[in-house]
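Colleague: Got a minute to go through this one with me? I'd like to know what sits where before I head back to the bench.

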Amino acid sequence: LDAVIKACSDRDDIDSKVQDVLRIGAYQLLFMRVPDHAAVSETVDLARSVTSVGPTKFVNAVMRKIAVKTWEEWLTELLIPVS
């Protein structure tokens, strides 16, 4: 998940709380049957509650980029062999 988040982020250093929130959101998008809009919305709300209002736009942008592809597509793009 971290490789996908990194591929969707323009930042080299992501706050640990924000990284954790993004991991949860990415997991929902890529492995659960949560609709994309719901996963994005809930992840942004979670970011707002555990950090501050500042990172919410960043979280929203990263989550929307993650949602564009499936897990298998991300693996192919990141050149990670699928097992």
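**Helix 4 and beyond**

Modeller: Sure, let's start with helix 4, residues 56-66, where Thr56, Phe58, Val59, Val62, Met63 and Ile66 are buried. Bear in mind that this is a predicted model.

Colleague: Where do those buried residues of helix 4 fall when you look down the axis?

Modeller: They fall within an arc of 155 degrees, so they line one face of the helix.

Colleague: And which residues are exposed on the other side of helix 4?

Modeller: Lys57 and Arg64 are exposed there. Arg64 also comes up in a pairing with Ser41: they're 23 residues apart in sequence, and their C-alpha atoms are 10.0 Å apart in space.

Colleague: Where is Ser41 found?

Modeller: In helix 3, which covers residues 36-50. Ser41 counts as partly exposed because its relative accessibility is 37%, between the 20% and 50% cut-offs.

Colleague: OK, salt bridges. How many does the count come to?

Modeller: The count comes to 4. One of them is Asp2 with Arg23, where the closest N and O atoms are 2.7 Å apart.

Colleague: What does the Asp2 and Arg23 pair tie together?

Modeller: Asp2 lies in helix 1 and Arg23 in helix 2, so the pair ties together parts that are 21 residues apart in sequence.

Colleague: How accessible are those two, Asp2 and Arg23?

Modeller: Asp2 is partly exposed, with 36% relative accessible area. Arg23 is partly exposed too, at 31%.

Colleague: Any other salt bridges you can name?

Modeller: There's one within helix 3. The side chains of Asp45 and Arg48 meet at 3.1 Å, N to O. Both residues lie in that helix, 3 residues apart, which is about one turn. Asp45 is partly exposed at 35%, and Arg48 is partly exposed at 40%.

Colleague: How far apart, N to O, are Glu77 and Lys69 in their salt bridge?

Modeller: That one comes out at 1.9 Å. Glu77 has 40% relative accessibility and counts as partly exposed, as does Lys69 at 26%.

Colleague: And which residues do salt bridges with shared partners join into one network?

Modeller: Asp2, Asp20 and Arg23.

Colleague: Switching to the surface. Which residues gather in the patch of negative charge?

Modeller: Asp10, Asp12, Asp13 and Asp15. Take Asp13 as an example: its place is in the loop between helix 1 (2-7) and helix 2 (16-31).

Colleague: Is Asp13 buried or exposed?

Modeller: Exposed, because its relative accessibility is 69% and the cut-off is over 50%.

Colleague: What about a nonpolar patch, which residues make that?

Modeller: Tyr27, Phe31 and Met32 make one of about 300 Å² on the surface. Tyr27 is in helix 2, and it's partly exposed with a relative accessible area of 42%.

Colleague: Last one. How far is Phe31 from Thr70, C-alpha to C-alpha?

Modeller: They're separated by 8.9 Å, though they are 39 residues apart along the chain. Thr70 is found in the loop between helix 4 and helix 5 (71-77).

Colleague: And how accessible is Thr70?

Modeller: Thr70 is partly exposed, with a relative accessible area of 39%.

Technical notes
Residues numbered from 1 in each chain as written. Predicted model: local features only at pLDDT ≥ 70, side-chain atom pairs only at ≥ 80, totals over all residues. Heavy atoms only, no water. Patch = residues over 30% accessible without salt bridge, like charges linked within 9 Å, V, L, I, M, F, W, Y side chains within 5 Å. Areas by Shrake-Rupley, 256 points an atom, 1.4 Å probe, with all protein chains shown as cover. Lys, Arg positive; Asp, Glu negative; His and termini not counted. Charge placed at Lys NZ, Arg CZ, Asp CG, Glu CD. Helix = DSSP H or I, 4+ residues; strand = E, 2+ residues; numbered from the N terminus. Buried < 20%, exposed > 50% of the residue type's maximum accessible area, 1.4 Å probe, protein only. Arc of directions from axis to C-beta.
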